[in-house]
Amino acid sequence: MTAVPAGALGARFLAGSSAVHRLPAHVKVVAVLGFALAVVATPVHASWAPAAYAGHLLAVLTAAAVAGVTPGRLARGLVVELPFVGFALLMPFLAAGPRIELLGLSLSRPGLESGGGLLAKATLSVLAATVLAATTEPRELVRGLERLRLPRVMVQILLFMVRYVDVVGGELHRMRVARESRGFRGGRLGALRVLGPAVGSLFVRTYERGERVHLAMLSRGYTGRLPAGPAAPVAPSAWATALALPLAAVAVLATGIVLG
């Protein structure tokens with residue numbers, strides 16, 4: 001039985017034994033990047049673009065079904081897309097070009113197409129990333145990025161973030177309890193005078209904790225790289241399984257170009 005990692009980041013992982021779960025992390029990262037590139041390469045103004053987006057959506061939903069990722073989990077992953085949604089909704093009103101009447105509103109046709117394309121591409125990419133996050137433990141994901149030759153400094157930053165984000169969250173919770181025990185109540189403008197110094201205090205506390213952790217690691221022989229075992233070779237069947245998603249997206253794109 002697969003152990004479920006604790007903490008805020010670990011909560012995004014869904015334990016399972018599906019074919020997607022068993023794939024090495026770096027192989028899944030390559031597959032998701034390939035899928036995103038194929039989605040981004042889909043021409044926004046092509047007449048067949050909506051059909052291509054539907055094909056991409058079918059491919060990523062099939063991968064989610066194989067991995068056992070529920071629709072609710074996919075929907076919660078789309079929360080990070082909200083800033084793109086706001087921008088895409090503004091494009092038909094702000095873009096230049098021919099105007100069309102829709103529901104009593106004068107909208108830019110190029111802006112409508114560009115906004116729809118942006119929203120579709122962002123949604124498809126976030127869905128693929130959600131499947132990756134739901135089937136890969138955070139530490140394994142960082143190890144996978146290291147195996148893909150991501151700069152060591154960035155890998156170390158991500159690894160320490162995974163390890164200590166819950167520690168910082170706990171510190172933030174204790175500070176909130178302390179404020180409320182002194183009669184603090186949020187939800188009003190005057191609360192900002194208290195929250196501002198609290199953010200500074202949290203920064204100082206986390207900085208000091210980071211220094212202590214770093215000194216403790218140096219005393220134990222830390223040389224800038226955490227020890228890890230030898231990387232196991234990846235079977236060709238694992239690559240074939242992982243690359244099925246980006247290859248399906250490329251096939252959809254090629255079909256649209258040829259037949260469109």
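**Helix α3, its core and a ring cluster**

Q: How far does α3 reach from its first C-alpha to its last?
A: α3 is a helix, that is, a DSSP run of H or I with at least four residues, numbered from the N terminus. It has 19 residues. The expected span is 1.5 Å times one less than the number of residues, and α3 comes close to the 27 Å expected at 1.5 Å a residue. From its first C-alpha to its last, α3 reaches 27 Å.

Q: What kind of model is this?
A: Residues are numbered from 1 along each chain as its sequence is written, and side-chain values use heavy atoms, leaving out hydrogens and water. Local features need pLDDT of at least 70, side-chain atom pairs count only at pLDDT 80 or more, and totals for chains, interfaces and linings use all residues, as the model is predicted.

Q: Which residues of α3 are buried?
A: Buried means under 20% relative accessible area, exposed means over 50%, and partly exposed lies in between (1.4 Å probe, protein chains only). Covering elements include α1 (19–22), α2, α4 (71–77), α6 and α11. The buried residues of α3 are Ala-49, Ala-52, Tyr-53, Gly-55, His-56, Ala-59, Val-60, Ala-63, Ala-64 and Ala-67.

Q: Which residue just after α3 takes a positive phi?
A: Look just past the helix. The phi there is about 80 degrees, and the residue is Gly-68.

Q: Which element gives the most to the largest nonpolar core?
A: A nonpolar core is a set of buried Ala, Val, Leu, Ile, Met, Phe, Trp, Tyr and Cys residues joined through side-chain atoms within 4.5 Å. The largest has 28 residues, and Phe-35, Val-60, Val-69, Leu-74 and Leu-124 touch the most other members. Two or more residues come from each of α2 (25–40), α3 (49–67), α6 (109–135) and α11 (244–259). With eight residues, the element that gives the most is α3.

Q: What is the relative accessibility of His-56?
A: His-56 sits in helix α3. Contact means heavy atoms within 4.5 Å. Beyond its neighbours within four places in sequence, His-56 is in contact with residues including Phe-35, Thr-42, Leu-124 and Leu-253. His-56 counts as buried, with a relative accessibility of 0%.

Q: How many angstroms separate the C-alpha atoms of Val-29 and Thr-136?
A: Val-29 is in helix α2 and is buried at 8% relative accessibility. Not counting residues up to four places away in sequence, it touches Leu-132, Leu-141, Leu-145 and Leu-148. Val-29 and Thr-136 are 107 residues apart along the chain, yet their C-alpha atoms are separated by 9.9 Å.

Q: Are the rings of Phe-160 and Tyr-164 stacked or edge-to-face?
A: The structure holds three aromatic pairs. Rings of Phe, Tyr and Trp (its six-membered ring) pair if their centres lie within 6.5 Å; planes under 30 degrees apart are stacked, over 60 edge-to-face and the rest tilted. The centres of Phe-160 and Tyr-164 are 6.3 Å apart and their planes are at 20 degrees, so the pair is stacked.

Q: Which parts does the pair of Phe-160 and Tyr-222 tie together?
A: This pair is edge-to-face, at 6.5 Å centre to centre and 80 degrees between the planes. Its partners lie 62 residues apart in sequence. The parts tied together are helix α8 and the loop between α9 (192–219) and α10 (236–242).

Q: Is Tyr-222 buried or exposed?
A: Ring pairs link Phe-160, Tyr-164 and Tyr-222 into a cluster. Tyr-164 is partly exposed, with a relative accessible area of 25%. Tyr-222 has a relative accessible area of 17%, so Tyr-222 is buried.
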